[in-house]
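Please examine the sequence and the model that follow. The paragraphs after them lead through cavities, cores, a pocket and charged pairs.

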Amino acid sequence: MADGAVRETARVLVAADKFKGSLTAVQVAERVTAGLRRVVPGVPVETLPVADGGDGTVAAAVAAGFERREVRVTGPLGEPVTAAYALRDTTAVVEMAEASGLQHLPAGVFAPLTATTYGSGELLAAALDAGARTIVFGVGGSATTDGGAGMLAALGARFLDAEGKPVGPGGGGLADLAEADLSGLDPRMADVDLILASDVDNPLTGPKGAPEVYGRQKGATEDDIVTLDGALAHYASILGPDHARLPGAGAAGGAGYGALVALGARFRPGIEVMLDVLGFAPALARATLVITGEGSLDEQTLHGKAPAGVAAAARAAGVEVVAVCGRLALAPEALTGAGISRAYALTDLEPDPAVSMAQAGPLLERAAEAIARDFLL
């Protein structure tokens, strides 16, 4: 091929996650496309914003053609919030963070012992009301550690103390639990395929459990973590201890456990589910190069995050993959092992992290220009 000639058969698929704090997955796709076409005008680019079950999952579904539906539900602190889910035909994508996420907490305010998943249950009910028969339940980014008790209560369960009164909200209240009555659960849940989509496979309690691993980012002190771990263990002893050890039980402060033990959910890695739902396989079949990425490519990326899932699927199909990211904390051999040929980090263009985040859009376009020169010419 002559130097500078465009590969006429090139077709690019941009399947990246958000750059948290800087760009949504949709914006990432737009910026990458703009950069590619500055070097190779008219190059065919298909965009498929992706997510792994955490915040941004509904937005990815909407970008893929799902209808966005908004409802008023109970936020993690008990105040009303507006939350969205996505619907296409009889499949709904419900993102727990929309109802019970950290983004609903005022700056610097946490409620590790009392934050509730009640609104997530209301969101599931809204999807049922809309006729959903399959629900992809993305759990991640929650402000809660209540084992999904609030979610189940919104769907008709009752959690009572020794005096027959409802226990208090949040994981802290579960220490007083004497009786769990699931007989009033919405019967429609029994007829729905509920898929628990998560990028974590932690158990409910213990050294790798929800309070210990994720409690601190939700404002829990060391004493709070001990309290929550004991309360969730007590809760599980009443609802079913076997489910507490299942992969995904510890997702989203134990909401995964509630879905598994009481709602008949089945756990699948979030990115695998979302790639299926978004129609990744047919898009991949049309591509000669895949560009994936997220804000930080690091060790966590290799454990179920979106870029690793995209790269694994592309490698299986024999399609080359490159990645874009805000910062790169993986050695070249780790990238290769994940199926990524090369990674382009914004911090290589702008070393100051604060400036890099503030200028993420223009910097990403420059990174995409480099990809075009390296892989499309």
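Which strands each supply at least two residues of the lining of the largest cavity? They are strand E1 (12-14) and strand E2 (45-47), where strands (E, at least two residues) and helices (H or I, at least four) are DSSP runs numbered from the N terminus. The model is a predicted one, in which local features need pLDDT of at least 70 and side-chain atom pairs count only at pLDDT 80 or more, while totals for chains, interfaces and linings use all residues. Residues are numbered from 1 along each chain as its sequence is written, and side-chain values use heavy atoms, with hydrogens and water left out.

The full lining of the largest cavity consists of Arg11, Val12, Leu13, Pro44, Val45, Glu46, Ala283, Arg286 and Ala287. On a 1 Å grid over the protein atoms alone, a cavity is a set of points where a 1.4 Å probe fits but cannot get out, and lining residues have an atom within 4 Å of a point. The space in this cavity is about 40 Å³, a volume being the space filled by probe spheres set on the points, with grid points joined across faces, edges and corners. By class, its lining comprises 6 nonpolar, no polar and 3 charged residues; Ala, Val, Leu, Ile, Met, Phe, Trp, Tyr, Cys and Pro count as nonpolar, Asp, Glu, Lys and Arg as charged, and the others, Gly among them, as polar.

The whole structure contains 2 cavities of 30 Å³ or more. The second largest has a volume of about 30 Å³ and is lined by Leu297, Thr301, Leu302, Ala308, Leu330, Leu335, Ala338 and Ile340. Its lining divides into 7 nonpolar, 1 polar and no charged residues.

Ala308 also belongs to the buried residues of helix H13 (306-316), which are Ala306, Pro307, Ala308, Gly309, Val310, Ala311 and Ala314. Buried here means under 20% relative accessible area, exposed over 50%, and partly exposed in between (1.4 Å probe, protein chains only). The cover over these residues includes helix H11 (270-278), helix H12 (280-285), strand E11 and strand E12 (320-328). Just after H13, glycine 318 adopts a positive phi of about 75 degrees.

The discussion now turns to the nonpolar cores, each a set of buried Ala, Val, Leu, Ile, Met, Phe, Trp, Tyr and Cys residues joined through side-chain atoms within 4.5 Å. The largest has 53 residues, and Ile135, Leu152, Tyr235 and Leu263 have the most contacts inside it. Helix H10 (residues 251-262) gives the largest share of this core, 8 residues. Beyond its neighbours within four places in sequence, leucine 263 is in contact (heavy atoms within 4.5 Å) with Leu124, Met151, Leu152, Leu155, Leu185, Met189, Leu194 and Gly258. Apart from the largest core lies another, of 40 residues, including Ile195, Val290, Leu297 and Ala306.

The largest pocket has a volume of about 820 Å³. A pocket is an open set of grid points with protein on both sides within 12 Å along at least five of seven lines. Its lining comprises 36 residues, of which Lys20, Asp55, Gly141, Asp199 and Lys305 lie nearest its centre. Helix H2 (57-63), helix H3 (96-100), H10 and E11 are the elements that give two or more residues to this lining. The classes represented are 9 nonpolar, 14 polar and 13 charged residues.

Two residues nearest the pocket centre, aspartate 199 and lysine 305, also form a salt bridge, with closest N and O atoms 2.8 Å apart. The pair joins distant parts of the chain, 106 residues apart: aspartate 199 is in the loop between strand E9 (193-198) and helix H7 (210-214), and lysine 305 is in the loop between strand E11 (289-297) and H13. Aspartate 199 counts as buried because its relative accessible area is 17%. A salt bridge is a side-chain nitrogen of Lys or Arg within 4 Å of a carboxyl oxygen of Asp or Glu.

The structure holds 22 salt bridges. Another joins aspartate 17 and lysine 18 at 3.7 Å, N to O; aspartate 17 is buried at 3% relative accessibility, and lysine 18 is buried at 18%. Arginine 69 pairs with glutamate 67 at 2.8 Å between the closest N and O atoms. Here arginine 69 is partly exposed at 28%, as is glutamate 67 at 42%. Finally, salt bridges link Arg31, Arg38, Glu365, Glu369 and Arg373 in a network.
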